[in-house]
Amino acid sequence: MTRCLPVARALVLVLRLVQVQVLVSVLTLAALAALPARADDGRRSGLQFMGPALQALQRDDGQNPAMLWVQDGEQLWRTPAGTAGRHCADCHGDAPRSMAGVAARYPAWDAASGGALNLPGRINACRQRHQQAAALPAEHADLLALSAYLGLQSRGQPLAPPDDVRLAPLRQQGEALWQQRLGQLNLACLHCHDQRPGQRLGGAVIPQGHATGYPIYRLEWQGLGSLHRRLRGCVVGVRAEPWGTEAPEWLALEAWLAQRAAGMAVETPAVRP
Amino acid sequence: MADTPAPRVRMLIHGLDGLRRGQPAELRVTLAHPMDNGLRHDGFGNVVPRNIVTRFECRLDGDLVFAADLYSAIAANPYLGFWLRADGPGTLSFEWSGDWGFNHRETRAIVPA
Amino acid sequence: MKPLPMLPRRRLLGAAAGLGLALQLRPAAAMSAAPTLAAVERQWAGGRPVTEGRVLLDVAPLVENGNAVPIRVQVDSPMTAADHVVEIVVFNERNPQRDVVRFTLTPASGVAQVQARIRLATSQQLVALVRMRDGSQWSHHVDVLVTLAACIEP
């Protein structure tokens, strides 16, 4: 029985890989051809792999559902938390002024803990150390809201992973994971995102996989979610057992992805299919 | 799909700044709501019961300007766009209601330029 | 553990095509209980004629993800007290239910244009139906191709 199950699952996914939707492919090629040519390193945001309606959904703050969470974050910024009874603005003042460009520099090294932190980790560290509040669990609405609000303060700025030698081992680990075959499908991230962007997995166009817009409003989730959640979805998608929630592999991948997308514009909060 | 927790901000309203006396302008509203269509199953095979918003009304000084009856085919975090012509200052009300006694109403005083 | 048998490529593609057909037929079978699009259009029309025109249902012809599809409906109407849109209804062909949304407009709307974000289960036809104050009824039918997500997240 255990031998048949992988075959069945593999067949379904092979079906999706070989399924040819000619009209769909033609329309997609036409849409991609209509994009302006760029004389650069060839890196493209996931935004450019979406059709005009979804691009408009991201670009128009009046339509972008993620703005619900951003508004939430703006309120949370001035809501006291923890036994210290302080809110973020007590130390940081107005976020548009003090937090401009900050999200673009994560993951970053945290000397106090002797390790790297992504932005949600940094928010939680602040809560624990300066507000005497409990850390928020992953994908908690408040954590997503604050991440989205702070990410917005870097929107349009280039991703700027710190030039910090202490981050090098983590980035190297992340790059190795990016190239490592995983799961029953035996695919590495690079097989889809480096070697086959613009091609299709089932009906979906494969993007290059640059993490420029997190946390994102993902249509598949019908809600906002973190990069960690998205990576976990991909690992499960290749039928691999995902690493534990606190495993270092996730942050390693995030650190590598930040380096891989260095210089690309922050899009937070992005919309993705 | 409804696993992501809803934010505490219930509604966004865009376009109030664009109101001009006697001239129609577009308003867009977004409500935080999962719009569970009643067809999903949870991890135990039980149907997740329907939980959708079914009605939206925009009133100017109590008079109905625009209304929508929503069904399960409306996407999560429902978004509606409509036009409104206000001839002078007044009070706009935005009210959503739906399954399980859901009701959310906010008002805005407007002074069209 | 014995190695898996190597399936000839043609058989694999044939099986894949068969699976594809089965997957596409499944949604239709689940919806056999719901009325047809034509039936709900007839019911809405109430025996009076519906003319294709005067209304534009604007939706992308190719949809990447059926979970959130932006639509816009605009009607050619002066929106005066004497001549305005009373109701705009959107129906679908192949979702579990035919109803999508029903808009009520008034002269205070000023412009007969509405927007929403809808769910589409699969490729299908949509129709926007409009009733004017003078009782005239108008329609616009649009075909939409919906591609499905590759990986269903648990």
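1. In chain B, two residues separate strand 3 from strand 4 in a hairpin, and Asp61(B) in the turn has a positive phi of about 50 degrees. Elements here are DSSP runs numbered from the N terminus, with helices being H or I of at least four residues and strands being E of at least two. The model is predicted: local features need pLDDT of at least 70, side-chain atom pairs count only at pLDDT 80 or more, and totals for chains, interfaces and linings use all residues. Residues are numbered from 1 along each chain as its sequence is written, while chains are lettered from A and ligands numbered from 1 in the order in which they are written.

2. The hairpin strands, strand 3 and strand 4 (residues 63-70) of chain B, are antiparallel and joined by six bridges; two strands are taken to pair if DSSP finds at least two bridges between them. Leu60(B) has Asp63(B), in strand 4 of chain B, as its bridge partner. Strand 3 (residues 53-60) of chain B also pairs in the antiparallel sense with strand 6 (residues 90-98) of chain B, over seven bridges. Within strand 6 of chain B, Trp96(B) stands opposite Phe56(B).

3. Chain B as a whole has zero helices and seven strands. Its C-alpha trace spans about 55 × 20 × 20 Å along the principal axes. Of the 113 residues in chain B, 36% are buried, where buried denotes 20 or more other C-beta atoms within 10 Å of the residue's own, exposed 12 or fewer, and partly exposed the range in between, with C-beta atoms placed from the backbone. Among contacts in chain B between residues at least 6 apart in sequence, 54% join residues at least 24 apart; a contact requires C-beta atoms, placed from the backbone, to lie within 7 Å.

4. Chains B and C share an open sheet of six strands, in the order 1(B)-2(B)-5(B)-7(C)-4(C)-2(C), with antiparallel pairing. Strand 1 (11-14) of chain B and strand 2 (55-59) of chain C stand at the edges, each with a single partner strand, so one side of each is left without a neighbour in the sheet. From one strand to the next the twist averages 15 degrees. At the chain B edge, four bridges join strand 1 to strand 2 (residues 25-31) of chain B in an antiparallel pair, and Leu12(B) stands opposite Thr30(B) of strand 2 of chain B.

5. The crossing from one chain to the other within this sheet is made by strand 5 (residues 79-84) of chain B and strand 7 of chain C, which are antiparallel and joined by two bridges. Gln115(C), in strand 7 of chain C, is the bridge partner of Gly81(B).

6. The contact between these chains takes 25 residues from chain C and 23 residues from chain B. On the side of chain C that touches chain B, the elements giving two or more residues are strand 6 (99-105) and strand 7 (113-118) of chain C. Strand 6 of chain C gives the largest share of that side, seven residues. By class, the side of chain C comprises 11 nonpolar, 10 polar and four charged residues. Ala, Val, Leu, Ile, Met, Phe, Trp, Tyr, Cys and Pro count as nonpolar, Asp, Glu, Lys and Arg as charged, and the others, Gly among them, as polar.

7. Chain A is assigned domain 1 (4-63 + 168-272) and domain 2 (67-152), with bounds that come from an automatic or database domain assignment. In the contact between them, 17 residues of domain 1 of chain A meet 16 residues of domain 2 of chain A. On the domain 1 side, strand 6 (223-225), helix 11 (227-237) and helix 12 of chain A each supply at least two residues. Helix 12 of chain A provides the largest share of that side, four residues. The domain 1 side divides into nine nonpolar, five polar and three charged residues.

8. Helix 4 (residues 67-76) and helix 8 (residues 141-152) of chain A pack at an angle of about 95 degrees, with their axes 7 Å apart. Axes are lines fitted to C-alpha atoms, for helices over the stretch in contact, and angles run from 0 to 180 degrees between N-to-C directions. Helix 4 and helix 8 of chain A are therefore roughly perpendicular to each other; the classes are roughly parallel under 35 degrees, roughly antiparallel over 145, roughly perpendicular from 65 to 115, and oblique for the rest. The residues of this helix 4 and helix 8 contact in chain A are nine nonpolar, one polar and three charged.

Key:
Two residues are in contact if their C-beta atoms, placed from the backbone, lie within 7 Å.
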